[in-house]
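The following exercises concern the structure shown below. Each task is followed by a solution that proceeds step by step.

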Amino acid sequence: MLVFAGLLFILTFLIAGTSIYHMVRNTTLAKLEARLAEEISLLRRIYDEGGPAALANVVNQLEDPAVAGERFVGLFDESGGKLAGNINIAVIPDKLTTRSTMTLVSNGMDQTLFARAVVLESRHVVVGRNTQLMKDELDTLAWAIITEGITTIAVGLLIGWLLSRRPLRQLERIAATLEKVAQGDTGARVRISNGNAQIDRISRLVNESLEKLSTLMKSTQNTIHAIAHDLRSPLNRAFILVREASENRADSQQLLNDAEAALYNLGAIFDTVLRISRLEASTSRSAFSVIDLREVIRDVAAVFEPAFTDRKQAVIIQDASSPVTVHADEQMLKQLLTNLLQNFNRHTPAGSTVTLSACRLGTGGSILQVADDGPGIPAEAHDGMLKPFSRLDASRSDEGSGLGLALVKAIVNQHGATLSLTDNNPGLRVEIRFPALPPNLSNL
């Protein structure tokens, strides 16, 4: 890239330098021609007013020693014989009727003149200027352009090389970091300067991508470890129950039933993990429609009423006065509420109360809240509880798989909503904020 830029700069300079040279040369010749035309016009007027004698007198007077060798004037008869002036060669009249460049003899030396001629009856007048001075000036200009060009190109290339060193070093650091990541070092990151150049923005994007990749890998590893840890005990228990049932014990049927229940629970765990994975990978919204959150709350709460009654728990529905519509998958939202109410039913004592509410926000969005007055979750554990297989009981002695809130989080993400866990003083408050309806659905 630097070589291409250098070649382009050189080509541009050559074109510009050549254009300047020819512009100066043409301007100088134009001025010289205008001066010669003025002198011819003056001599013509002198001839018209004073005749041949006056013309010869003026020509002789124009032989100024101060400009000898630079300004030339000659008066010739019709046969080419010199009558006056400092041009010492016979000139063929028909070759001097227009502007031309010619080699004439002056003071015994060949000199190239830029000359004009005019025929005045039987007299031929030639005026000219020595082109050597102009040639010297143009040569000086040409060398100045070349010298300046070489200097500018050298300085430009040096500056370009110096400016390119930092981006090149940064690209090398990016490549080295990616090589480390490819070799298994997921913590490698590109060192970023405080600048805001394009290469710095690219470096930040690379680091963001690496951070997401690292988080995903850690999450995957944690999920695999959690699955291995959580499924080992149920599998062992099912194996033991089946082995004991094979011994023709009196309670063999009950043992087989218990083993079947354990295996069914394992299957449910795998189904939930797969569902979370599908939700995280999917972007399809083919099943989305405009639904009222109030109806979803009432339907799911009615299903859980017997379970709440058995554990002497209460549910309060704070019904909004107007529809609270969202663009969502109704079955997913029912699954979301089911998971939250299962957690309440399972982890809060008798006499606890859960409050369900939905309302519209001033920004056009909607909010769904599930709040209880149970033991709650410590604030420092809120974020961790949204990860798969996370439990407050590290020993896994309590019932449940630790996937309920993880599935809730996946459903929330699928809807472009946000999920937050806060302290309800006492208990836990779960808030889900849905975005405003798309413009084409807002009137439905």
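**Exercise 1.** State which residues of helix H6 are buried, and describe the span and the start of H6.

*Solution.* Step 1. The buried residues of H6 are Met332, Leu333, Leu336, Leu337, Asn339, Leu340, Leu341, Phe344 and Asn345; buried means under 20% relative accessible area, exposed over 50%, and partly exposed in between, with a 1.4 Å probe and protein chains only. The model is predicted: local features need pLDDT of at least 70 and side-chain atom pairs count only at pLDDT 80 or more, while totals for chains, interfaces and linings use all residues. Residues are numbered from 1 along each chain as its sequence is written, and side-chain values use heavy atoms, with hydrogens and water left out.

Step 2. H6 covers residues 330-347, 18 residues in total. Helices (H or I, at least four residues) and strands (E, at least two) are DSSP runs, numbered from the N terminus. From first to last C-alpha H6 reaches 26 Å, close to the 26 Å expected at 1.5 Å a residue, where the expected span is 1.5 Å times one less than the number of residues.

Step 3. At the start of H6, a side-chain oxygen of Asp329 comes to within 3.0 Å of the backbone nitrogen of Gln331.

**Exercise 2.** Determine how many aromatic pairs there are, and classify each by its geometry.

*Solution.* Step 1. Rings of Phe, Tyr and Trp (its six-membered ring) pair if their centres lie within 6.5 Å; planes under 30 degrees apart count as stacked, over 60 as edge-to-face and the rest as tilted. By this rule there are two aromatic pairs.

Step 2. Phe304 and Phe308 are stacked, at 5.8 Å centre to centre and 25° between the planes. Both lie in helix H5, four residues apart, about one turn of the helix.

Step 3. The ring centres of Phe308 and Phe344 are 5.6 Å apart and the planes stand at 75°, so this pair is edge-to-face. The pair links distant parts of the chain, with Phe308 in H5 and Phe344 in H6, 36 residues apart.

Step 4. Phe304 and Phe308 are buried, and Phe344 is buried too. Ring pairs thus link Phe304, Phe308 and Phe344 into a cluster.

**Exercise 3.** Describe the second largest cavity and its lining.

*Solution.* Step 1. A cavity is a set of points, on a 1 Å grid over the protein atoms alone, where a 1.4 Å probe fits but cannot get out; lining residues have an atom within 4 Å of a point. The whole structure holds two cavities of 30 Å³ or more, and the second largest has a volume of about 40 Å³.

Step 2. Its lining consists of Arg294, Ile297, Arg298, Ile317, Gln318, Asp319, Ala320 and Ala358. H5 (293-310) and strand S7 (314-318) each supply at least two of these residues, and the largest share, three residues, comes from H5.

Step 3. Arg294, in H5, is buried at a relative accessible area of 16%.

**Exercise 4.** Is Lys312 buried or exposed, and what is notable about the backbone at Lys312 and Asn425?

*Solution.* Step 1. Lys312 is exposed, at 63% relative accessible area, and sits in the loop between H5 and S7. Its phi is positive, about 55°, although Lys312 is not a glycine.

Step 2. Asn425, in the loop between S11 and S12, also has a positive phi, about 50°. The peptide bond from Asn425 to Pro426 is cis, with omega near -5°.

How values were computed:
On a 1 Å grid over the protein atoms alone, a cavity is a set of points where a 1.4 Å probe fits but cannot get out, and a pocket is an open set with protein on both sides within 12 Å along at least five of seven lines; lining residues have an atom within 4 Å of a point. Grid points are joined across faces, edges and corners, and a volume is the space filled by probe spheres set on the points. A polar contact is a pair of N or O atoms within 3.5 Å; within protein, one must be able to donate a hydrogen and the other to accept it, and residues adjacent in sequence count only if both atoms are side-chain atoms.
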